[in-house]
Amino acid sequence: MEFNAPAGENLFDKARIVGKSTPRIDGPLKTTGTAPYAYERHDVAPDAAYGWIVGSAIAKGRITSMDVEDARNAPGVIAVIAAPETKPVGTSPYNHAPLFGGREVAHYHQAIACVVAETFEQARAAAHLIRTRYDREAAEYDLAELAPQAPLADGGKALHKRGDFDAAFDAAPVKIDATYHTPDESHAMMEPHATIASWKGEELTLWTSNQMINWGKEALGQILGIAPEKIRLDSPYIGGGFGGKLFIRADAVLAALASKAAQRPVKIALQRPLIFNNTTHRPATIQRVRLGATRDGRITAVGHENWSGNITGTDGEDGTAQTPKLYAGANRMTANYTATLPLPEGNAMRAPGEAAGHLAFEVAMDELAEALAMCPVELRIKNDPGAEVPGDPSKRFSERHLTRCLKEGAERFGWSKRKAKPGQVREGRWLIGMGVAGGYRGAPIQKSAAGVRLSGDGMLIVETDMTDIGTGSYTIIAQTAAETMGLPLDRVRVELGDSRYPVSSGSGGQWGAASSTAGVYAACLVLRRAIGEKLGFDGDSADFTDGAIRANGKSFALNDAGEMSADGEMTYGDFQSDYDLGTYAGHFCEVAVDAYTGETHIRRMLSVCDAGRILNPLSARSQVIGAMVMSAGAALTEELAVDRRFGYFVNHDLAGYEVPVHADIPHQDVVFLDTLDSVISPLKAKGVGELGICGPGSAVANAVYNATGVRVREYPITLDKYLDRLPAIG
Amino acid sequence: MSDNEHFSVSRREVMAGGAATAAATAIPVASARAAAEQAGQVPTMPVAFEVNGKKVELNLDTRTTLLDTLREHLKLTGTKKGCDHGQCGACTVMVNGTRVNSCLSLAVMHQGDTVTTIEGLGTPDDLHPMQAAFVKHDGYQCGYCTPGQICSAVSVLEEIRQGIPSHVTEDLTGTMQPTRDEMRERMSGNICRCGAYSNISDAMSEVAEG
């Protein structure tokens, strides 16, 4: 069905199950270790051999020789797949870097060989017997060196102007001009990329860990040169993705190739030290923000330029993404430049663009507030743009409640206690500071399909290739189906992640929750109508509650319908293009900085979120706090250190790439405003999983400044960058 | 699912499972025999220990970690491999009542030991109180670090009960309290990239308070 006009009142406005805090239906499996992840499928491939991937030791150049004889003769070895002996595999629109084959090396730890053996230990030992020689090419790996020559992104189109920014900025009585650096970051999901591949004749099955089942199926067809219909992907449980598992990676490609060579199933998990350079990452950015305002705090000029790089010179990290949406200002300029930078492939990581963009833009707002001697909450509220998108007046906001987020947040957080002048609050050895940031993340929605099936014995089974990457898809899909079919939650079973099921939106871009539940709703409506036709009532107007159906004064049991099934899909009409569909948040943070050592502790965090109907407040809150944690990491600890001589990320494991741990994170508060968005879907719900990483890190940075009076514009804010500038100890 | 179905590794299955690496005798499967012949070229050692109350005897390639023994030989895949380098804590299990990173420990070092994995704490139909608290407080998202978090959480409360001090213990002579800071400090070897820390803290506090 097509969603072609804003939703009116519907069954979700009287919901009994949707919108209620519900423990995850997959919780008992996950907490007992009985949810099977990709590498663990002894049930489907009990005789799988073990693969071990060898990564390139150079970043750019050519393999001149590879000696694999000792590896082939090593104990237990079944096959060795060597890149120089293998024609390069194909590419797909989803990949930038080559995945495998040939002698050319495009980035460090590109897969160059795979050893398959009877055991994991044998494969690993044999892989170390491969001797590879290279002809290494020199290259420039420093973004700062490449940025001045970098072309505008999007084929030269990524320059957007409105009014006369230069004149307005020149004339502004109060202005700031600041440049920020965000580093390369890694998804670092806990489950390594992993695949078991098995061929039956020309048919290939992959039990893998992938966020986007249908993209993966299509891409793998192109990569391997076989028809996608011959490929099955199955990912019922995914140990985190954050964008890192949107695409087919070397584990899937080499498991498929190795399984063919070994003539039996092969399982491969990317070794952790390979993941950081072999797979994708969030590219580093350099961002210059210029803001001009009247003395009473009306913004008159907004300028935001962004530089990043990527291996193909396309698809960098666009830090300007939120800037046209957040605040008023008649004269505007945003520009996005992408350099060709032969580091490993940059690609989507949680809130691509906005996550890095907020770290610059929402700190620039803090700097402007200080220049104006104005409260930073007030500055943001004063520049609320009203109904029109300030950077694109052809669109209006569907729903936007940023001002309410900021006001409620300020009230709850005790913002009035903040001292505007930094470095003023001291508790023993600690310097205390508070920070605020606004947050915006787009709310894209995608077509999504599902199948629903009545088993005849009182169960409803939902099947869709949607994935649950920790986002809570299983539960919100069950809630949606239970609500629509009038069943208790425990009468619904949800099957996800199998490419044999109807094609869903998949999980990415915080579109998954809104899109997949709308698709399930569409399928349930088709089933209701079919039941109505069978039993003689109008399925659309009938009341389905507690396993009973009431229509035209008659009453039926849902079980009277017997075994029935229906497929349905939700698609979206053009009317949505008149709107900007977005989510908003007010983020608050309090930090304590050790006056002697500069060590920063986050003491409190609060995010007030405006994201439409919240389908399951329990898991939605977890999405937001988890994103706040990742944002805190971006602010304070996370950085892939680039070796600018040899072109790779040096700290390529979980010891060197520092993500937040328990001791770094305090109790976190999340508030969801009770907002509904009738433009997005019949459920009036939007995603939250990426909203939570758009702004909290800026609030941390602003709090560190408020505590210390030292502004660090180069992330992460580690103490080596400010220790010598801390206030004198009095 | 009953306890038995949940972990019903018989001696026969253990032997078959071990055959991929072991020079086991009388495995009536051609591929397994070929495997054993190949594996015979590398040193193996017999080892016997107890896992979740059941005795297991294996003949293992000496390079096999406790983690891979659990996951690949005993098919106890609840214990996760996140890094294989002792950096993430996903592989946490209890050995003789003390938590360890099972990826950093070779199986043959555990002769006679008692190992408890996530599967030994509870089952979907009979959750351990810590597992139930994780479900209630949503102390996980993707679920991959979760078994390690839960094994650590159970161990941490026991360490505090035994009065074993940590970096943040304020009073080394008084009765140790399961404060939030104590728990966070001790849990910091278990990374959760989904960032469920605040919820895990709530779950642990609930269990600690009984």
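**Aromatic clusters, strand pairing and domain contact in a predicted model**

Ring pairs join Phe3(A), Tyr572(A), Phe575(A) and Tyr579(A) into a cluster. The structure containing these residues is a predicted model, and the description below begins with its aromatic side chains before turning to strands, sheet and domains.

Over all chains, the count of aromatic pairs comes to 23. One of them joins Phe165(A) and Phe169(A): the ring centres lie 5.5 Å apart and the planes meet at 20°, so the pair is stacked. Planes under 30 degrees apart count as stacked, and the angle of 20° for Phe165(A) and Phe169(A) satisfies that criterion. Both residues belong to helix H6 (residues 165-171) of chain A, where a spacing of 4 residues separates them by about one helical turn. Phe165(A) counts as buried, with a relative accessibility of 5%. Phe169(A) is likewise buried, at a relative accessible area of 9%.

A further stacked pair is formed by Tyr327(A) and Phe361(A), with 6.3 Å from centre to centre and 15° between the planes. Tyr327(A) is located in the loop between helix H10 (323-326) and strand S16 (331-340) of chain A, whereas Phe361(A) is part of helix H11 (residues 354-372) of chain A; the pair therefore ties together parts that are 34 residues apart in sequence. Tyr327(A) and Phe361(A) are both buried.

Aromatic rings of chain A also lie beneath charged groups. Lys267(A) is placed over the face of Tyr39(A), at 4.5 Å from the ring centre. In the case of Tyr705(A), the charged end of Arg711(A) sits over the ring, 3.9 Å from its centre.

The backbone pairing of chain A may be followed from strand S3 (residues 61-67). This strand pairs with strand S5 (residues 104-105) of chain A in the antiparallel sense, over 2 bridges. S3(A) also pairs with strand S7 (residues 131-136) of chain A, again in the antiparallel sense, over 6 bridges. Which residues are the bridge partners of Gly61(A) in S5(A) and S7(A)? In S5(A) the partner is Val105(A), and in S7(A) it is Arg136(A).

Chain B contains an open sheet of 5 strands in the order S2-S1-S5-S3-S4, with mixed pairing. Strand S2 (54-61) and strand S4 (98-101) of chain B stand at the edges; each has a single partner strand, so one side of each is left without a neighbour in the sheet. From one strand to the next, the twist averages 40°.

At the S4 edge of this sheet, strand S3 (residues 92-95) of chain B pairs with S4(B) in the antiparallel sense, over 4 bridges. Within this pairing, Val95(B) stands opposite Thr98(B) of S4(B). Helix H7 (residues 146-161) of chain B packs on the sheet and touches S3 and S4 of chain B. The direction of helix H7 of chain B makes about 45° with that of S3(B).

The domain assignment of chain B gives domain 1 (43-120) and domain 2 (122-209). The C-alpha centres of these domains of chain B lie 21 Å apart. Their contact takes 16 residues from domain 1 of chain B and 17 residues from domain 2 of chain B.

Note on methods: Residues are numbered from 1 along each chain as its sequence is written. Chains are lettered from A and ligands numbered from 1 in the order in which they are written. This is a predicted model: local features need pLDDT of at least 70, side-chain atom pairs count only at pLDDT 80 or more; totals for chains, interfaces and linings use all residues. Side-chain values use heavy atoms; hydrogens and water are left out. Two strands pair if DSSP finds at least two bridges between them. Axes are lines fitted to C-alpha atoms, for helices over the stretch in contact, and angles run from 0 to 180 degrees between N-to-C directions. Contact means heavy atoms within 4.5 Å. Rings of Phe, Tyr and Trp (its six-membered ring) pair if their centres lie within 6.5 Å; planes under 30 degrees apart count as stacked, over 60 as edge-to-face and the rest as tilted. Buried means under 20% relative accessible area, exposed over 50%, partly exposed in between (1.4 Å probe, protein chains only). A charge sits over a ring if NZ of Lys or CZ of Arg is within 6 Å of the ring centre and within 35 degrees of the ring normal. Domain bounds come from an automatic or database domain assignment.
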